[in-house]
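Visitor: I'd like a close look at just one part of this model, with its surroundings filled in as you go. Take me there by whatever route you like.

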Amino acid sequence: MSLSEFKKELRQSVNLEKKEFLPKFFKTGKGQYGEGDKFLGVVVPDIKKLSKKFNTKLTDQDLEKLLYSEWHEERFAGWFLISIRYKKSNDHYYSFSKKHIKQLNNWDLVDMIAPKVIGEYLVLANEDLFIKWSNSKSLWIRRIAVMSTWPKIRNNDFAITFKIAEKYLEDPEDLIHKATGWMLREIAKRDQESVVTFIKTNKPFIPRVMLRYAIERMDGALRKELMS
């Protein structure tokens, strides 16, 4: 009954304006990255508030049902609750996340779970799993690979991020370029010189959007030099 009640209350938060906007924002048209995804029209703050309300009432089986929902907001709720519960049971919810990793099937879901759950759990792990994911045919698994390096970056461990970034210079997906540029920007906050060196070394090949994201916080003159 709790899952049914959750779904019922979720639908009471539908915003008709967002219901029209969100499918366009998440590119759900034919041939786009979010093709086929469906949206109720509930904003993130409302999803999180309701999810917290039901956190103690929903079982792992309920979360699994949410992760496989056709509705984006229900999948978001399931992953959000996993991110909360991970703090108290990291082994269990890392394994749970890895088991259902293919349900991290849009960028907002990836960006919520890859750093906070997967990356945190693997912060001291070697590069093998990151490299395996970076070779995936799935756009989302490849994004998970680079986004999961964020906790390593916070530990001043940049090697695997640079290794993946070099591979992703030839990746065809804009969403991969953005995520990679974002992680390079995080490195630059800690070691700007290493990122500048990476950019100059790979300047003929680096995608424009990756470059823009990477240098966003740098000094204006340096940004101009690197963009030229």
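**A walk to α12**

Guide: Let's start on the outside: Asn 156 is exposed, with a relative accessible area of 52% (exposed means over 50%, buried under 20%, and partly exposed in between, with a 1.4 Å probe and protein chains only). Residues are numbered from 1 along each chain as its sequence is written. The model is predicted, with local features needing pLDDT of at least 70, side-chain atom pairs counting only at pLDDT 80 or more, and totals for chains, interfaces and linings using all residues, while side-chain values use heavy atoms and leave out hydrogens and water.

Asn 156 sits in the loop between α10 and α11 (helices are DSSP runs of H or I with at least four residues, strands runs of E with at least two, numbered from the N terminus). Phi of Asn 156 is positive, near 60°, in a residue that isn't glycine. Most residues other than glycine have a negative phi.

Now step inwards. α10 (150-154) and α11 (159-167) are among the helices that cover the buried residues of α12 (174-190), and the others listed include α7 (107-121), α9 (139-147), α13 (192-201) and α14 (208-214). α12 itself is mostly covered, with 12 of its 17 residues buried; among them are Leu 175, His 177, Thr 180, Met 183, Leu 184, Arg 185 and Glu 186. From first C-alpha to last, α12 reaches 25 Å, close to the 24 Å expected at 1.5 Å a residue (that expectation is 1.5 Å times one less than the number of residues).

Look harder at Leu 184. In the largest nonpolar core, which has 72 residues, Leu 184 is one of the five that touch the most other members, alongside Leu 104, Ile 118, Trp 133 and Ile 144 (a core joins buried Ala, Val, Leu, Ile, Met, Phe, Trp, Tyr and Cys through side-chain atoms within 4.5 Å). Skipping neighbours within four places in sequence, Leu 184 is in contact with Phe 162, Ala 165, Val 195, Phe 198, Met 210 and Ala 214 (contact: heavy atoms within 4.5 Å).

Ile 144, another of those five, is one of the buried residues of α9, as are Arg 142 and Arg 143. In fact 9 of the 9 residues of α9 are buried, and α12 turns up among what covers them, along with α7, α8 (128-134), α10 and α11.

α12 also helps line the second largest pocket, giving 5 residues, the largest share of that lining (a pocket is an open set of 1 Å grid points, over the protein atoms alone, where a 1.4 Å probe fits, with protein on both sides within 12 Å along at least five of seven lines; lining residues have an atom within 4 Å of a point). Among the lining residues are Asp 174, Leu 175, Lys 178, Ala 179 and Trp 182, plus Arg 143 and Lys 27. α7 joins α12 in giving two or more residues. Lys 27 lies in the loop between α2 and α3, is partly exposed at 36% relative accessibility, and has a positive phi near 50°.

Last stop: Ala 188, a buried residue of α12. Beyond its sequence neighbours within four places, Met 218 is in contact with Ala 188, as well as Gln 192, Val 195, Val 196, Arg 223 and Leu 226. Met 218 sits in the loop between α14 and α15 (220-227) and is buried, with a relative accessible area of 4%.
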